[in-house]
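Open the model and keep the sequence beside it. We will walk from a loop into the core and then out to a pocket.

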Amino acid sequence: MLAESVDKEKSLEELEGVTWPDPPSDSTMLVRSVHELRKKPVKDLTVDNLRRLVGQDVGLRWLLPVALDFLRETAKEEGETGWYDDDLLSAVLTRKESTWRSFPKLARHLDGTVRLLSDLSPYLQRDVRHFRDALADIL
């Protein structure tokens, strides 16, 4: 498990040691929800919460291992049923190349997980190609 070193009892604010100020009153729902999700213990984050935070590049140091563990744990079942959590997988695959270069072990783990999946949508196939092309030298 990649996330063994993540204290899931803590929130991102606690893990980072940084408390964000309250969002401006005219903030979008996305901004308000990201601020709120940073206060929840990692163990209480849903898959949709993970997708939202990862998609906004928030807390990646702690959340990528959690998301990758989830994707690996569910890969076999999803392969059998033909249903994938496309949103979380896409959010993870489309992080910046520099993020993956900072965490090459995680990049290789994601590549291994994707290899367990079949019948990906054309959109996910495109995301996988881009991910692999950008990181071919470390995968």
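Start in the loop between α7 and α8, where D119 is found. This is a predicted model, so every value here is computed from predicted coordinates. D119 is not a glycine, yet its phi is positive, at about 60°. Is D119 buried or exposed? Its relative accessible area is 65%, so D119 is exposed.

Now turn to another loop, the one between α3 and α4. D57 sits there. D57 also has a positive phi, near 60°, and is a residue other than glycine. Its relative accessible area is 32%, so D57 counts as partly exposed.

Go back to α7, which precedes the loop of D119. This helix covers residues 104-115, twelve in number. How far does α7 reach from its first C-alpha to its last? The span is 17 Å, close to the 16 Å expected at 1.5 Å a residue. Several of its residues are buried: L106, A107, H109, L110, D111, T113 and V114. Two of these names will return. L110 is one of the residues that touch the most other members of the largest nonpolar core. L106 is in contact with L64.

Next comes that core. The largest nonpolar core holds 39 residues. Which of them touch the most other members? They are L53, L63, L89, V92, L93, W100 and L110. Many helices take part: α1 (12-16), α2 (29-37), α3, α4, α5 (86-93), α7 and α8 (122-134) each supply at least two residues. The largest share comes from α4, with nine residues.

Pick V92 and look around it. Setting aside neighbours within four places in sequence, V92 is in contact with V54, L64, A67, L68, L71, W100 and L110. W100 and L110 stand beside V92 in the list of residues that touch the most other core members.

From V92, step across to L64, one of its contacts. L64 belongs to helix α4. Why does L64 count as buried? Its relative accessibility is 0%, and buried means under 20%. Beyond four places in sequence, L64 is in contact with V54, V92, R95, T99, W100 and L106. V54 and W100 also appear among the contacts of V92. R51 makes a useful reference point along the chain. L64 and R51 are 13 residues apart in sequence, and their C-alpha atoms are 9.9 Å apart in space.

Follow the contact from L64 to T99. T99 lies in helix α6, residues 97-102. T99 counts as buried because its relative accessibility is 12%, below the 20% cut-off. Beyond four places in sequence, T99 is in contact with L60 and L64.

Finish at the largest pocket. Its volume is about 170 Å³. Which of its 14 lining residues are the closest to its centre? K8, V66, D69, F70 and E73 are. Two elements give two or more residues to the lining: α3 (47-55) and α4 (60-81). The most comes from α4, with four residues. The lining divides into eight nonpolar residues, one polar and five charged.

One helix ties the last stops together. Helix α4 carries L64. It supplies the largest share of the core, nine residues. It also gives the most to the pocket lining.

Technical notes. Residues numbered from 1 in each chain as written. Predicted model: local features only at pLDDT ≥ 70, side-chain atom pairs only at ≥ 80, totals over all residues. Heavy atoms only, no water. Expected span 1.5 Å × (residues − 1). Buried < 20%, exposed > 50% of the residue type's maximum accessible area, 1.4 Å probe, protein only. 1 Å grid on protein atoms, 1.4 Å probe; cavity = no way out; pocket = protein on both sides within 12 Å on 5 of 7 lines; lining within 4 Å. Points joined across faces, edges and corners; volume = space filled by probe spheres on them. Nonpolar A, V, L, I, M, F, W, Y, C, P; charged D, E, K, R; others polar. Core = buried A, V, L, I, M, F, W, Y, C linked by side-chain atoms within 4.5 Å. Contact = heavy atoms within 4.5 Å.
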